[in-house]
Amino acid sequence: MTFETICIADIGEIFCDTKSSGISFVNSNINENSHHLLIKPNQKIINLVFNSINKSMDVKIEESWKKRLSVEFEKPYFGALTDFVKQEYTTKQIFPPAKQIFNAFNHCTFDHCNVVILGQDPYHGFGQANGLCFSVNDGVRMPPSLLNIFKEIKEDLGNDIPKSGNLERWADQGVLLLNATLTVEAGKAGSHQNKGWETFTDAVIKVLSEEKKDLVFMLWGKYAQDKGKVIDESKHHVLKAKHPSPMAANYGGWFGCKHFSQANRYLKEKGLKPIIW
């Protein structure tokens with residue numbers, strides 16, 4: 001198996017900074033049937049890959065986003081972030097699976113985006129995170145925050161609570177499900193905060209606010225609302241509520257917010273297709 005093929009397994013396919021080929025991993029342990037990275041590569045080869053001369057960054061992200069975010073990929077903070085993320089995936093259990101780091105962007109293109117929901121960190125439990133905020137993989141038990149989201153949708157729109165908490169169906173309709181931090185170490189909530197992801201996702205929000213109009217932003221909780229201060233509210237519809245986690249929602253400010261009907265009403269007013277929540 002060559003470096004060109006696996007490029008540090010999945011993670012190198014996302015952040016490739018070399019065109020080298022013919023570099024083989026030695027003493028590697030890759031579970032090809034797993035969505036998770038279990039790899040112990042030869043450290044000399046890892047150093048060779050990480051210290052490659054060519055530093056031009058090729059990030060595997062949907063093309064409409066790549067076009068608008070390419071300037072971020074060349075900034076020093078993103079290079080440092082990439083080095084950190086590569087090292088984490090090659091030495092630890094990290095979520096989501098590497099190929100799903102930019103899942104939110106790949107399912108919801110820039111041009112197709114009509115709604116933005118901001119989260120904070122990926123779920124840190126095994127098999128949960130799939131690159132979309134609040135979403136879990138099919139067959140995974142819904143976390144309490146997600147269950148409260150569906151309870152509010154049922155109260156707001158009358159929709160039954162679905163069996164699956166996989167929100168790819170929302171993303172495919174134009175809902176950008178964006179976490180502030182796109183990776184996390186297993187069992188360690190917030191472990192990848194302050195490594196550069198927040199700067200990157202701030203840039204995402206800024207470009208959306210500046211280059212699009214008539215977006216619906218759903219900002220749940222103080223963290224999301226602080227992060228959303230860059231949004232131009234004269235151009236976009238910003239909905240704010242308490243966070244849907246039980247610690248916040250059970251004390252008022254989440255249930256009854258009716259964000260989902262409000263979002264659809266706004267989209268219809270702007271001649272846009274409502275979301276099937």
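## A walk through the sheet and its surroundings

Start by selecting strand S7, residues 216-220: this strand is mostly covered, with five of its five residues buried. What you have open is a predicted model, so keep that in mind as you click around.

Show the side chains of S7 as sticks. In a regular strand, side chains alternate between the two faces of the sheet. Here Val216, Met218 and Trp220 sit on one side, with Phe217 and Leu219 on the other. Both faces of S7 are covered, and every one of those five residues is buried, which means under 20% relative accessible area.

Now bring in the neighbours. Add strand S4, residues 115-119, which pairs with S7 in the parallel sense over three bridges. For a landmark, pick Ile117, which stands opposite Met218 in S7. Then add S8, which also pairs with S7 in the parallel sense, this time over five bridges. The landmark there is Trp220, standing opposite Ala241 in S8.

Zoom out to the whole sheet. What order do the four strands take in this open sheet? Reading across, they run S5-S4-S7-S8, and the pairing is parallel. Select S5 (175-179) and S8 (237-241) to see the edges: each has a single partner strand, so one side of each is left without a neighbour in the sheet. Look across the strands and you'll see the twist, which averages 20 degrees from one strand to the next.

Next, select helix H9, residues 197-211. H9 lies across S4, S5 and S7, and runs at about 150 degrees to S5.

The loops on either side of H9 each hold a backbone oddity. Most residues other than glycine have a negative phi, and most peptide bonds are trans. Go to Asn194, in the loop between strand S6 (184-185) and H9. Its phi is near 60 degrees, a positive value in a residue other than glycine. Then go to Asp214, in the loop between H9 and S7. Asp214 isn't a glycine either, yet has a positive phi of about 65 degrees.

Are these two buried or exposed? Turn on a surface and compare: Asn194 counts as exposed because its relative accessibility is 69%, above the 50% cut-off. Asp214, with a relative accessible area of 17%, is buried because that falls under 20%.

One more backbone stop: select Phe95 and Pro96. The peptide bond from Phe95 to Pro96 is cis, with omega near -5 degrees. You'll find Pro96 in the loop between strand S3 (94-95) and helix H6 (103-107).

Helix H5, residues 76-91, is worth a distance label. How far does H5 reach from its first C-alpha to its last? The span is 23 Å for 16 residues, close to the 22 Å expected at 1.5 Å a residue. Colour its buried residues and you'll light up Tyr77, Phe78, Leu81, Thr82, Phe84, Val85, Lys86, Glu88, Tyr89 and Thr90.

Finish with a helix pair: H7 (residues 144-157) and H12 (residues 259-269). Their axes come within 8 Å and cross at roughly 60 degrees, so the two helices are oblique to each other. To see the contact, select Ile149, Glu152, Ile153, Asp156 and Leu157 in H7, which meet His259, Phe260 and Ser261 in H12. Colour that contact by residue type and you get four nonpolar, two polar and two charged.

Notes: Residues numbered from 1 in each chain as written. Predicted model: local features only at pLDDT ≥ 70, side-chain atom pairs only at ≥ 80, totals over all residues. Heavy atoms only, no water. Axes fitted to C-alpha atoms, helices over the stretch in contact; angles between N-to-C directions. Parallel < 35°, antiparallel > 145°, perpendicular 65-115°, else oblique. Contact = heavy atoms within 4.5 Å. Nonpolar A, V, L, I, M, F, W, Y, C, P; charged D, E, K, R; others polar. Pairing = 2+ DSSP bridges. Buried < 20%, exposed > 50% of the residue type's maximum accessible area, 1.4 Å probe, protein only. Expected span 1.5 Å × (residues − 1).
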